[in-house]
Structures are given as C-alpha cells and as structure tokens.
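Trainee: I want to learn how to read cavities and domain interfaces. Can we work through a case?

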Amino acid sequence: ICLGALLVIVFVYRNLDKIKAFIADQFFDNDPALAIDANGSRDIAHVLTANNKNYLILYGSQTGTAEDYARKFGKELTARFHLNVMCADLENFDFDSLNSLPEGVIATFVISTYGEGDFPDGAVNFEQYLNEVEDSPDALDNLRFSIFGLGNTTYEFYNGAAKKALEKLTAAGAQLIGEMGVGDDGAGTTDEDYMAWKDETMGHIAKVLDLHEQEQEYTPSFTYTKLESLTDSVSLGEPAKQYLPPRDLPTNATTGKQRGPFDLALPYVAPITASRELFQSADRNCIHTEFDISGSEITYETGDHLAIWPSNATEKVQQFLSVFQLDGDEIFDLTPLDATIKPPFLCPTTIAAAVTHYIEITGPISRQSLGLLATYAPAEIKDRVTALSKDKDLFSSEILAKKFNLADALLYLNDNKPWEGVPWTLLIELLPKLLPRYYSISSSALAEPTVIHATSIVENTPNEATGHNTVGVTTNLLRELQLAKSGDSAAQAQMPVHYALDGPRGLYHGGKLPVHVRHSTFRLPSNLAVPVIMIGPGTGVAPFRGFVRERAKMAELDPELLPKMGKMFLFYGSRDESDYLYRDEWVQHATTLGDKFEIDVALSRAQAKKVYVQHRLAQRKEEVAQLLNSGAHVYVCGDAKRMARDVQRALADILAAVKDISPDEGQEIIKAMKVAGRYQEDIW
Ligand code: FAD
C-alpha cells in the first residue's frame with residue numbers, strides 16, 4: 001500500500017502541470033475568458049514568458065464591462081505599437097511572481113467596483129495578495145503599472161476597488177505610469193473617461209518603453225477556418241457547450257435535478273411558467289415573468305438578482321449582416337494564435353448564430369470602435385469617419401445623441417449603403433459580448449422557493465434619427481414571450497422587433513430562457529423586530545415585493561411571529577394608476593400583516609405638481625424619523641441617476657430637522673448607516 005501510495009505521489013508530482021491543465025479543461029472549458037498557458041500554470045511571469053508576451057493586461061470584471069475595456073486597450077496597444085499583449089482575468093492567476101515579470105513588461109489593471117466598494121468576485125484573490133504585500137515597501141518595486149477603474153458616482157464607495165488596488169500597489173513599491181483613470185457609469189461617461197485616460201496613458205507607456213507609433217494595423221488573434229458541414233458540434237447559439245447535442249448537463253443522480261453550478265459560464269435554461277403585462281397603458285409596458293427553477297439545484301435568497309441571457313432581435317441581426325455583407329450561414333471556427341487567448345464565444349458556430357446570441361450589436365457605439373473601423377471605411381467617407389472618431393463633441397452630437405447602434409451609424413455615414421470589406425474577425429474582436437441583464441428578484445425565497453419572479457420595464461422609445469424605435473434587447477424579448485404565451489398575435493406582430501423564440505435547436509421551445517442567480521447583500525434585517533423603510537419607485541419596487549411576500553409568508557406559517565415583527569414602511573411611486581405595480585397584492589399583504597405593513601404611494605402625474613417618493617418621505621417625516629430613531633434599516637432600489645440621490649438628500653434633511661443638525665451632518669449619519677449596513681441600495 002505504501003509503495004502504491006508513493007508511486008501515486010510521484011506520478012502526481014511529475015505530472016502536476018498536466019493534471020492542472022486537465023482539471024482546467026474539464027471544469028472551465030466553457031469559460032471563454034479563461035486564459036492560462038498550455039500547462040495550466042497560474043504563475044503570471046511564467047505564462048508571459050512561455051507565450052512570448054511583452055505587455056500584460058489584467059482585468060477584474062463583475063459583469064463583463066471591465067473585460068471589454070481591457071480587451072480594447074490590448075487591441076489598441078497591438079495595433080499602434082505592435083506589442084504582443086496578454087489580456088487575462090485576474091481570477092486565473094497567482095501573483096507571487098508579479099514583481100519579476102519579464103524585462104520591460106508593464107502591467108495594466110482594469111478593475112470594476114461592485115457592491116460597497118468591493119472587488120469583483122473573480123479579483124478577490126488579487127485583493128488578498130495585495131493585502132499581504134502592502135506592508136512591504138519593496139515587495140513590488142520592480143513593477144510598473146497603469147490602472148483604470150470602472151465605477152458609479154451614485155455609490156458611496158465610488159471606484160472603491162480600483163482606488164484600493166492603486167493604494168496597495170504603490171504601498172508595495174510599484175510605480176504608477178501616468179494617472180489612475182476612473183470611468184463613471186453614474187454620469188454615463190465611462191466611454192469618454194476611458195478614452196481620455198487611454199490616450200494619456202498610452203502616451204506615457206510609449207515614452208517609458210520608447211515605442212514608436214506604427215501605422216494602425218489590425219492583427220487577428222485567431223486563425224479563422226471556414227467549415228463545410230453543420231455537425232452537432234457546431235453551436236447554433238447555445239449558451240454553453242453543455243447544451244450542444246446530446247445536451248449532457250450534470251444531473252443529481254438522486255433527485256434528477258440539473259446540478260450546475262449555474263453562473264456566468266453556464267446558465268440554466270428555465271421554463272417560463274407565467275408571464276403577464278403589469279401596466280394598463282397604451283404606450284408603455286412592464287412584464288412580470290416567472291421562471292421555474294425546480295428542475296435545477298439553483299437556490300436563491302430574497303433580495304438576490306436574476307441574470308437573464310438575451311438574444312438579439314431578428315430585425316437587428318438582419319440589419320447587421322446586411323451592413324457588413326456577411327453570409328449568416330457561413331460556418332467557422334476560431335483557433336487562438338497562442339495559449340493565453342480563448343475564443344470570445346462557443347465555436348465552431350455560424351455567423352448568424354454569433355450575431356444573434358453572442359455579440360452585442362445594438363447598444364451605443366464607442367468612439368474607439370469607430371476609429372478602428374475607419375481603416376475600412378469607403379474611400380469617399382474615410383476622412384469624415386476619422387474626424388468623427390477623433391472629435392469627442394462631434395461624435396457626441398452626430399452619433400451618440402441620435403442613439404445609433406453600429407449598423408445605424410455606418411449606414412448613416414455611408415448614405416445607407418453597406419460597408420464592404422470589414423473583416424468579420426475584427427468585428428468579433430471589437431464588439432462586446434452579449435451579456436446577461438440583471439433583475440432584482442421580485443419573489444420571496446420563502447414563499448416561492450422554486451420559482452423566481454422578475455419585474456421588467458420594457459425599453460422602447462421612438463427615434464426620429466433612425467426612423468425605428470430604440471429598444472432594449474432583453475425587455476422586448478420578455479415582452480414578446482409574454483405576448484406569444486398569451487396568444488396575442490396581433491400585438492406581437494406590432495412589436496418594433498421580433499425574436500427567434502425557439503432558440504438554438506429548439507432549446508427554448510415552449511417559452512424558456514437561460515438564467516442564473518447572482519447573490520447580493522440586499523437583505524432584510526436578521527432580527528425580525530427591526531423596522532424597515534423601503535423606497536422603491538417604478539420597478540425599484542421589485543425586491544420589496546419579495547421582502548413583503550417573505551414577511552407575509554412568515555406570518556401565515558407562524559401567526560405568533562406577527563406581533564414580534566417590526567413595521568415595514570414602503571414608499572412606492574408611479575406616474576398614475578395605469579402603471580401602479582402589483583396594486584391588488586399590496587392590499588392583500590396589508591390584510592395579512594395588519595399594522596406591520598404600510599404603503600405610501602406617490603402618483604407623480606396625478607396632480608399638476610409632480611410628486612415623487614422623496615416628497616412623500618418629507619411629508620411623512622415624523623413617522624420616518626421615529627422609525628429611524630428606533631433603529632430602522634433603510635432600503636433604496638431603482639434609478640441610480642437621480643432618485644437615489646434625491647432620496648438620500650430627503651432622508652438627510654429629515655434627520656437634520658428632527659435632530660436639529662445641519663443637512664451635511666444628516667448626510668454623515670446616512671454614510672455611517674451605509675457603513676453599518678443599515679442603509680442599503682440596490683440601484684442601477
Ligand atoms: P439594453 O439592450 O441593455 O439597452 C439599455 C438601454 O439602452 C435601453 O433603454 C435601450 O433602449 C437603450 N439603447 C439601446 N440601443 C441604444 C443605442 N444605440 N443608443 C442609445 N441607447 C440605446 N430593470 C428592471 O426593469 N427591473 C429590475 O428589477 C431591474 N433590476 C436591476 C438590478 C440590477 C442589479 C441591475 C444592474 C439592473 C437592473 N435593472 C432592472 C435594469 C436591467 O438590468 C436592464 O438594464 C434593463 O432591463 C434594460 O435591459 P435591455 O436588455 O432591455 O436593454
């Protein structure tokens with residue numbers, strides 16, 4: 001036995017790298033962002049050397065945006081300076097060799113902030129590493145780095161993760177090249193913030209490394225192979241490899257449920273068991289959708305988020321294919337040119353499948369993307385396209401203000417004629433991935449543990465510049481599913497866009513969509529007696545529906561709990577009666593919960609002067625102050641741009657009035673409440 005054990009140990013030791021690679025392949029293969037070397041090494045310096053890379057970009061991304069910017073930065077460094085860039089997820093590496101990167105290598109970090117100034121989940125190991133080295137002033141004295149953070153000024157800890165990273169890196173002796181850049185999603189300026197930082201930083205990098213700008217040249221990261229036959233291994237837009245025929249998702253042998261884990265790499269294809277229109281309005285829609293998760297081992301908690309994986313509308317796919325004169329039926333495979341790169345989506349696939357399911361084609365176009373496409377602009381408009389890509393204000397008034405997507409912009413610039421000759425591989429590398437959209441779960445894990453409810457306002461506004469409505473990808477898909485389910489084919493036909501509802505190889509037939517749950521920290525107080533003040537106008541009421549359902553279910557299961565509960569005070573707002581969400585349900589809950597639940601409604605357009613939730617808070621200031629005094633927790637959900645700030649100000653003013661302090665001191669109290677977890681926001 002001892003000899004056998006010894007042999008196994010020796011075998012494992014000698015083949016450690018191969019075993020790691022095998023494990024990585026088995027478990028992470030469908031994560032296209034994964035970048036490790038062929039031997040599965042997590043040693044950052046080793047991977048750079050093994051792949052002959054001379055520039056390092058590491059990203060920490062929660063939803064994919066930081067990854068997108070990191071890739072753009074890498075693509076431009078390669079195009080302008082012919083650098084051999086490695087762009088990788090912080091999650092996939094150990095950093096012990098960060099101070100001994102190959103000669104001349106600079107590292108750029110692109111890090112988004114999540115929650116209360118936190119690092120994204122995948123960058124937690126990096127944060128731990130930084131915590132270990134920050135007290136040693138020479139731990140990273142060989143490292144030269146630049147850093148860009150993605151955040152939102154409406155949050156208390158704006159760009160908290162990138163700021164922490166900067167502080168700890170410099171404390172450990174690393175040398176910052178240029179200035180830290182910060183992108184502000186709250187002001188909607190992330191793209192321009194990035195452009196300003198990128199231009200400045202690339203100038204510094206060129207100086208430090210003595211680089212000379214070359215003619216911008218696109219070099220593909222993949223070998224493109226055209227395939228002839230459509231076999232079962234060709235993706236038609238399946239959300240992950242496991243869904244290709246014969247669809248062998250791991251299943252629990254005892255329960256028969258799909259095991260997962262279901263996350264950004266692998267969603268669960270959930271049947272939609274109910275779907276209904278919540279508004280009674282001629283021109284606005286809000287869809288309530290119920291996803292059945294009973295066939296999976298997915299669990300959720302009240303206050304979590306549901307990620308819904310969309311696909312692009314058929315009309316938009318056709319427009320895109322026709323602008324670039326692409327043959328949707330073409331089958332292709334992408335072979336990465338080195339081991340640090342993975343295809344951005346499941347391959348082999350068809351062009352139509354990639355455009356429908358994997359690439360974001362309808363969002364606002366970035367100035368940098370237009371700049372990279374300028375090389376391929378038809379000769380007669382090349383100068384104009386180049387000028388637009390270089391002039392922030394012109395780009396803003398000519399392209400952004402008109403809400404053009406990429407195809408709209410190119411058609412507009414080229415007199416409605418297509419752009420031929422843009423390499424399809426460039427588009428694959430240039431355009432962001434089609435990412436899931438998040439929804440605050442509006443059901444209660446106690447009341448409905450196997451069903452998840454989402455409440456989504458449909459994004460659909462007329463656009464004179466394009467002549468067609470500007471639409472949101474996911475919410476219109478949810479609406480079409482609702483109309484199809486209810487059999488309202490007339491309304492379905494009138495929708496501005498339509499979707500291939502059956503999905504790839506009929507995977508979504510009968511009304512299904514890929515979803516996964518993202519756990520949040522938005523939770524009711526664990527102590528039942530603590531009162532709660534919830535402020536959620538519009539669809540911001542979603543998690544509070546979950547909270548109230550939770551307490552109502554508790555009271556139903558054990559009536560003795562009711563007297564022990566603290567009051568739940570909900571401030572809700574809508575325009576008028578036609579968009580008053582879940583009106584009947586609140587009445588029902590008030591019956592179950594008695595004086596433990598109250599809803600105060602601001603119907604903003606029901607009178608001449610607009611009334612919003614913050615006005616109602618001010619009108620009920622004595623009760624609000626009394627609840628705050630007795631330790632109430634405050635929850636705010638919904639619009640991050642204005643509402644969250646207005647509500648915070650209103651509450652600070654209430655505190656100022658009752659405590660006889662200044663509004664600034666009121667704000668300080670709220671900040672302290674945030675730190676203590678007594679004031680939580682779920683805003684977007
Ligand atoms: P997208 O395709 O993402 O488009 C976004 C917006 O851009 C739309 O208004 C669209 O009309 C517009 N747009 C499209 N193309 C262009 C263009 N070329 N130029 C300019 N604008 C363009 N929403 C809810 O309704 N309910 C919730 O409970 C909810 N909870 C959320 C929780 C979290 C944590 C987060 C982050 C967001 C939440 N959201 C919620 C917002 C939600 O995730 C989506 O952003 C929203 O539903 C729009 O998604 P979409 O795919 O339909 O629109």
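Mentor: Start with volume. This is a predicted model, and its largest cavity holds about 50 Å³ of space.

Trainee: How many cavities of 30 Å³ or more does the structure hold?

Mentor: Three.

Trainee: Which residues line the largest cavity?

Mentor: A residue counts as lining when one of its atoms is within 4 Å of a cavity point. Here the lining is Gly115, Glu116, Tyr155, Glu156, Phe157, Lys674, Tyr679, Gln680 and Glu681. Strand β22 (residues 679–683) gives the largest share, three residues.

Trainee: What is the make-up of that lining by class?

Mentor: Four residues of the lining are charged, three are nonpolar and two are polar.

Trainee: Where does the largest cavity lie with respect to the domains?

Mentor: Check which domains supply the lining. Domain 1 (25–208) and domain 4 (532–683) both contribute residues, so the largest cavity lies between them.

Trainee: What are the other domains of the chain?

Mentor: Domain 2 covers 224–235 + 314–430, and domain 3 covers 263–310 + 436–518.

Trainee: Now an interface. How do I read domain 1 against domain 3?

Mentor: Take distance, contacts, area and charge pairs in turn. The centres of domain 1 and domain 3, taken over C-alpha atoms, are 34 Å apart. Contact means heavy atoms within 4.5 Å. By that rule, five residues of domain 1 touch five residues of domain 3.

Trainee: How much area do domain 1 and domain 3 bury between them?

Mentor: About 410 Å², with 51% of it on carbon and sulfur atoms.

Trainee: How many salt bridges does the rule find across the interface of domain 1 and domain 3?

Mentor: Zero.

Terms used. Residues are numbered from 1 along each chain as its sequence is written. This is a predicted model: local features need pLDDT of at least 70, side-chain atom pairs count only at pLDDT 80 or more; totals for chains, interfaces and linings use all residues. Side-chain values use heavy atoms; hydrogens and water are left out. On a 1 Å grid over the protein atoms alone, a cavity is a set of points where a 1.4 Å probe fits but cannot get out, and a pocket is an open set with protein on both sides within 12 Å along at least five of seven lines; lining residues have an atom within 4 Å of a point. Grid points are joined across faces, edges and corners, and a volume is the space filled by probe spheres set on the points. Helices (H or I, at least four residues) and strands (E, at least two) are DSSP runs, numbered from the N terminus. Ala, Val, Leu, Ile, Met, Phe, Trp, Tyr, Cys and Pro count as nonpolar, Asp, Glu, Lys and Arg as charged, and the others, Gly among them, as polar. Domain bounds come from an automatic or database domain assignment. Buried area is the accessible area (1.4 Å probe) that two parts lose on being put together, summed over both. A salt bridge is a side-chain nitrogen of Lys or Arg within 4 Å of a carboxyl oxygen of Asp or Glu.
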